[in-house]
Amino acid sequence: VQLQASGGGLVQAGGSLRLSCAASGRTLNGMGWFRQAPGKEREFVAAITWGVENTYYADSVKGRFTISRDSAKKTVYLQMNSLKPEDTAVYYCAAGRQTLVASLSSVDYWGQGTQVTVSS
């Protein structure tokens, strides 16, 4: 399985960005996004299940971020609105054989990471 993430960049606080992650290879059951800020551990951001669609979010992004998918394209998106400086991090796309990819231990495949920088 290969995951190709894109869409990061520099944005002012209050702005928006959309990340994309295209998967190729075997069928997966769940995908998600994690992020890692400098000096901090990688943390869960959002997840989506591939069969019956369910979405999950970290408390810190609820109401601001939306995860969605295009099953035909095997692509997952992360729409990020009302961005804050504390959202600055490298964002990683993740996928797994488990339905819910919401913890580091549930991830089987990682994308390469895309930088998101939010200026104040």
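The following paragraphs describe the overall fold, the surface, the disulfide and one loop proline of a predicted model.

We can begin with the architecture, which is simple to state: the protein contains eleven strands and zero helices. Followed along the sequence, the order of elements is β-β-β-β-β-β-β-β-β-β-β. Along the principal axes, the C-alpha atoms occupy a box of roughly 40 × 25 × 25 Å. The radius of gyration is 13 Å, and this agrees with the value near 14 Å that would belong to a compact globule of 120 residues.

Contacts and burial add to this picture. Among the contacts with a separation of 6 or more, 55% are made by residues 24 or more positions apart. Of the 120 residues in the protein, 45% are buried. The accessible surface amounts to about 6000 Å², and carbon and sulfur atoms contribute 46% of that area. As for charge, the protein carries 12 positive and 8 negative charges, and the mean positions of these two sets lie 5 Å apart.

Turning to covalent cross-links, the model holds one disulfide. The bond joins Cys 21 to Cys 93, with an S to S distance of 1.9 Å. Since a disulfide is assigned when two cysteine sulfur atoms lie within 2.5 Å, this pair meets the criterion. The partners come from distant parts of the chain: Cys 21 belongs to strand β3 (residues 17–24) and Cys 93 to strand β9 (residues 89–96), a spacing of 72 residues. The torsion about the S-S bond is -80 degrees, making the link of Cys 21 and Cys 93 left-handed. Both ends of the bridge, Cys 21 and Cys 93, are buried.

A contrasting environment is found at Pro 38, a residue of the loop between β4 (30–36) and β5 (43–49). The relative accessible area of Pro 38 is 73%, and because exposed means over 50%, this proline counts as exposed. Pro 38 can also be placed relative to another part of the chain: its C-alpha atom is separated by 8.9 Å from that of Thr 88, although the two residues are 50 positions apart in sequence.

Taken together, the model is a protein of eleven strands with a radius of gyration that agrees with the globule value. Within it, the buried cysteines Cys 21 and Cys 93 link strands β3 and β9, whereas Pro 38 is exposed in the loop between β4 and β5.

Definitions and conventions. Residues are numbered from 1 along each chain as its sequence is written. This is a predicted model: local features need pLDDT of at least 70, side-chain atom pairs count only at pLDDT 80 or more; totals for chains, interfaces and linings use all residues. Side-chain values use heavy atoms; hydrogens and water are left out. Helices (H or I, at least four residues) and strands (E, at least two) are DSSP runs, numbered from the N terminus. The radius of gyration is taken over C-alpha atoms; the globule rule is 2.2 Å times the number of residues to the power 0.38. Buried means under 20% relative accessible area, exposed over 50%, partly exposed in between (1.4 Å probe, protein chains only). Contact means heavy atoms within 4.5 Å. Accessible areas come from the Shrake-Rupley method with a 1.4 Å probe; for residues, only the protein chains shown count as cover. Lys and Arg count as positive and Asp and Glu as negative; His and the chain ends are not counted. The place of a charge is taken as NZ of Lys, CZ of Arg, CG of Asp or CD of Glu.
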